Amino acid sequence: MLLQPPGLPGLLPRTLPHWPYATALDQALVGRGVPPGTVRLNVGARPDERMRIRLGWDVSRCVGPGGIHLLWDEETGWAYAYIGPGYSIPRGPVTSLRRVYATPKAVATAADSLVHTGQPPVEAREEEWPQAGAVRRD
């Protein structure tokens, strides 16, 4: 379950304009049965720095020799990496998620595939999250 960062309630949504997207992702992942074990939201110190989301599943929840990170950047969209003790191997973009703001349902489908097969889905998802326009930075 994704919780609001401590000490920030008065700063939302200005400081974390993408919080609604992170919350919708969390709900979709829980609904799909693949809630991440770790969730990190990073916001740059300056207004012109990008926001990033990192979702993680450790080796105990994944097929294969390591865990999975599903990474989101507000400019480049979704990517993934294999992780283990002391290493992270970037694997590139999740090509099935063609939109930076892919729908939470499509992200949950990709996460489910990564966790259970070690590979992202191949079927492309073109849909964009309907609230994307409201959270994009100017």
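pLDDT is the predictor's confidence in each residue, from 0 to 100.

**Entry 1: confidence.** I note that this is a predicted model. I looked up the chain average and found a mean pLDDT of 85, with 83% of residues at 70 or more. I then checked the extremes by element: strand β1 (residues 38-43) has the lowest confidence, at a mean of 82, and helix α2 (residues 104-117) has the highest, at 97.

**Entry 2: the N-terminal residues.** Over residues 1-13 I found pLDDT under 50 throughout. The model nevertheless has 14 contacts beyond four places in sequence for residues 1-13. Where pLDDT is low, the predicted coordinates should not be read in detail, so I do not interpret these contacts further.

**Entry 3: aromatic pairs.** I searched the whole structure and obtained eight aromatic pairs. I recorded Y21 with W78 as a tilted pair, with the ring centres 6.4 Å from each other and 55 degrees between the planes. Y21 belongs to helix α1 (residues 19-32) and W78 to strand β4 (residues 77-84), so that I list the pair as a link between distant parts of the chain, 57 residues apart. I looked up accessibility and found both Y21 and W78 buried.

**Entry 4: a further partner of Y21.** Y21 also pairs with Y101, edge-to-face, at 5.1 Å centre to centre and 65 degrees between the planes. Y101 lies in the loop between β5 (87-93) and α2, 80 residues apart from Y21 in helix α1. I found Y101 buried, as is Y21.

**Entry 5: the cluster.** Which residues do ring pairs link into a cluster? I traced Y21, W72, W78, Y101 and W129.

Technical notes. Residues numbered from 1 in each chain as written. Predicted model: local features only at pLDDT ≥ 70, side-chain atom pairs only at ≥ 80, totals over all residues. Heavy atoms only, no water. Helix = DSSP H or I, 4+ residues; strand = E, 2+ residues; numbered from the N terminus. Contact = heavy atoms within 4.5 Å. Phe/Tyr/Trp six-rings, centres within 6.5 Å; stacked < 30°, edge-to-face > 60°. Buried < 20%, exposed > 50% of the residue type's maximum accessible area, 1.4 Å probe, protein only.
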